[in-house]
Number of protein chains: 2
Amino acid sequence: MTVSDSPQHRTFLDGLAHSESGRLLQEELRRRWPETTDELASMARFALVPAGKLLRPLMALHTAQAVGGDPQRVTAAVLALEYVHTATLVHDDIIDGDDLRRGRPSVHAAYGVPNAIVAGDGLIFSAFESLVDEPWPASPARVVAAVGELAEVGRELCRGQVLESRLVGDPEEGARWYEEMVRLKTGALFRAACYIGATLGGAGADTGTMMASYGENVGIAFQIRDDLLAFVATPEQTGKPGDSDLLNGRPTLPVLLAYEAADEADRRELRDVLGRRAAQEGDVRWVRDLVAASGAVESAHRRMVSHVELALAGLAGLPPSPHATALADIARWTTSGAR
Amino acid sequence: MTVSDSPQHRTFLDGLAHSESGRLLQEELRRRWPETTDELASMARFALVPAGKLLRPLMALHTAQAVGGDPQRVTAAVLALEYVHTATLVHDDIIDGDDLRRGRPSVHAAYGVPNAIVAGDGLIFSAFESLVDEPWPASPARVVAAVGELAEVGRELCRGQVLESRLVGDPEEGARWYEEMVRLKTGALFRAACYIGATLGGAGADTGTMMASYGENVGIAFQIRDDLLAFVATPEQTGKPGDSDLLNGRPTLPVLLAYEAADEADRRELRDVLGRRAAQEGDVRWVRDLVAASGAVESAHRRMVSHVELALAGLAGLPPSPHATALADIARWTTSGAR
């Protein structure tokens, strides 16, 4: 489940998407990906348009503007973050066998697995192309730094994906590696968004580091929020069956915290349920009861809030501006509706 | 079939691989990819080490040196070309269901398809990481140009792959699109190798363009050579069953030229055989006879030679050096053994 499925999220992010920055990105995206007879570009367009909330490029754009950058110069470049994000969705959908994405066929469902593998690869290359497209969004040295960040983070996304696969069905290892997995799988691309926004916007190295920390912590908080929604929101609210992560044995924070708090008998039972991959409804009810009784929801919430606080601390050095405010709102919004 | 499977190729390229430039690259590759417990890096290492002939980075390195560049500065960067090449092999093997690569299990056979999808993605990100790693191999503006070339060419590789899939089993369309497909699928990455080598080595824009043309034409000649070997070499010589492309309906130049030269009855029969995907031995003999009778081998050979001549013309502006000689040898060598 992605956090963008919840209705509260939709209301807040619809506002962001219709802001001036959001409209800039939407227009650039449509300009860059027109209807075409080229098959690779058609698949990319199918995956990218109509766009999601463009949260990562939006955060990059706000960051660039918050440090005094010119939005016109960086709009095309920050879409790189959406291309990488979308590439991971295209490949993840193949891996998970998910035939639907945002209510439409996933790319492999529409074009077949071989084409979808290649389409995802093409999106990764497009990301780097858009970062270095002329006119360059900043000085060459800054562009090189942005490329380095995106490349490093891309590898972290891959490491996160491999790590998550390994942790499926194993709450013992899941509890040990959860923070690392979430940092790689979700935090990294948000970190890149804000670091790249700051770098292309002209910020100094210290501000870049602070913004990277802001982004990473927002990303981690978002992922914990996602994990929480399955326990505090109804499927109608989230727009997605609330038990899918559980049925697939995926490591989510409330379950892992419940595991850590459980006695040995319950731990053994939980390992059984998660390891089975085809858990039954009765199992799911039992896990939900265990999570509820353990206080895991509350402690996951506390952990999410602490990441939001770290994120806000990363913004401390920014001069006041509507963009700094938007970034703070995004961080604070994370905690809404997840309790 | 890749051309590197033929013994003549092996002898020539073994020499290249054991040259000083080859040793530099091998050492850098081993240093960059040590044994590790990181799962993503382990898969990358499995795909990369022991290395193939490193032909693309070798050509990049020779090009950089031929224009006066310092090999030590660019060795790590030009390995980017091997990472992208290997990423496409990893993903192609998934798409084609090939469980063997260079006599070892392919990555998906060893680690499973989900991990192999992610491993290929990781190699693409590693390519960009290695291009921009500090100390930068050239001025930031030159590094940005190299990133742009690799990103653009990466997308061309993807377009070539999609195009080839569409042409399988259809010699009518295959004949029309063959040059474009080969330029995208094989020419592009050789072009990038030589353009990036020239750019990082300090060449001017004109030399970069000339070297790009050299590389692209070598790549196209290599692919035609590959296509030819199935008709002029024995499987013992090539180390690979000579009929696999034919049995899979893949568009190879001798077959496409035979198709163009054939009368309507033979064309219909050829469309049937190639479209069937599970062609029989009798079919294969019939196609081989048709190709032999049509003079298609000779005309494919002529086309290959004309690309070699174009490649050599691209070298005309280089000052004499062992590296310029090595590049000319690589181009000329292409035509050996393919007749």
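Trainee: Let's start in chain B: which side chain meets B:Arg166 in a salt bridge?

Mentor: Happy to, keeping in mind that this is a predicted model. The N to O distance of that salt bridge is 3.5 Å, which falls within the 4 Å cut-off. The side chain that meets B:Arg166 there belongs to B:Glu173.

Trainee: Does B:Glu173 count as buried or exposed?

Mentor: Start with the partner: B:Arg166 has 35% relative accessibility and counts as partly exposed. For B:Glu173 the relative accessibility is 19%, and the limit for the lowest class is under 20%. Because 19% falls below that limit, B:Glu173 counts as buried.

Trainee: How many residues apart in sequence are the parts that B:Glu35 and B:Arg45 tie together?

Mentor: The two side chains form a salt bridge with an N to O distance of 3.9 Å. B:Glu35 sits in the loop between helix H2 (20-32) and H3 of chain B, while B:Arg45 belongs to helix H3, so the pair links parts whose separation in sequence is 10 residues.  B:Glu35 is exposed at 68% relative accessible area, and B:Arg45 is partly exposed at 22%. To come back to your question, the separation in sequence is 10 residues.

Trainee: Which helices of chain B hold B:Arg191 and B:Glu216?

Mentor: These two residues form a salt bridge, with their closest N and O atoms 3.9 Å apart. The pair ties together parts that are 25 residues apart in sequence, because B:Arg191 lies in helix H10 (residues 171-201) and B:Glu216 in helix H11 (residues 205-232). B:Arg191 is buried at 12% relative accessible area, and B:Glu216 is buried at 18%. The helices you asked for, in that order, are H10 and H11.

Trainee: Which residue of chain A is linked in a network of salt bridges with B:Arg191 and B:Glu216?

Mentor: That network includes B:Glu149, B:Glu152, B:Glu156 and B:Arg159. B:Glu180 and B:Arg183 are linked in it too. From chain A, the residue in the network is A:Asp38.

Trainee: How many salt bridges does the rule find across the interface of chain B and chain A?

Mentor: For one example, the side chains of B:Asp38 and A:Arg159 meet with an N to O distance of 2.9 Å. Searching the whole structure gives 46 salt bridges over all chains. Across the interface of chain B and chain A, the count is 6.

Trainee: What area do chain B and chain A bury between them?

Mentor: The size of an interface is often given as the accessible area lost when the parts come together. Here the contact takes 38 residues from chain B and 38 residues from chain A. Of the area they bury, 77% is on carbon and sulfur atoms, and the total is about 3,600 Å².

Trainee: Which three residues supply 19% of the area that chain B buries against chain A?

Mentor: This trio supplies more than any other three residues of chain B. Its members are B:Phe125, B:Val144 and B:Arg155.

Trainee: Which helix gives the largest share of the side of chain B that touches chain A?

Mentor: Between the two chains, 8 residue pairs are in polar contact. Helix H3 (39-48), helix H6 (80-96), helix H8 (113-132) and helix H9 (140-167) of chain B each supply at least two residues of the touching side. The largest share is 16 residues, and it comes from H9(B).

Trainee: How many residues on that side of chain B are nonpolar?

Mentor: The residues of the side of chain B that touches chain A include 7 polar ones and 9 charged ones. The nonpolar residues number 22.

Trainee: Which residue does a cis peptide bond join to A:Glu134?

Mentor: Most residues other than glycine have a negative phi, and most peptide bonds are trans. The cis bond after A:Glu134 has an omega of about -5°. Its second residue is found in the loop between helix H7 (113-132) and helix H8 (140-167) of chain A, and that residue is A:Pro135.

Trainee: What is the phi of A:Leu54?

Mentor: A:Leu54 is placed in the loop between helix H3 (39-48) and helix H4 (55-66) of chain A. The residue is buried, with a relative accessible area of 3%. Although A:Leu54 is not a glycine, its phi is positive, at about 55°.

Conventions:
Residues numbered from 1 in each chain as written. Chains lettered and ligands numbered in written order. Predicted model: local features only at pLDDT ≥ 70, side-chain atom pairs only at ≥ 80, totals over all residues. Heavy atoms only, no water. Contact = heavy atoms within 4.5 Å. Buried area = accessible area lost by both parts, 1.4 Å probe. Polar contact = N/O pair within 3.5 Å; in protein donor to acceptor, adjacent residues only side chain to side chain. Helix = DSSP H or I, 4+ residues; strand = E, 2+ residues; numbered from the N terminus. Nonpolar A, V, L, I, M, F, W, Y, C, P; charged D, E, K, R; others polar. Buried < 20%, exposed > 50% of the residue type's maximum accessible area, 1.4 Å probe, protein only.
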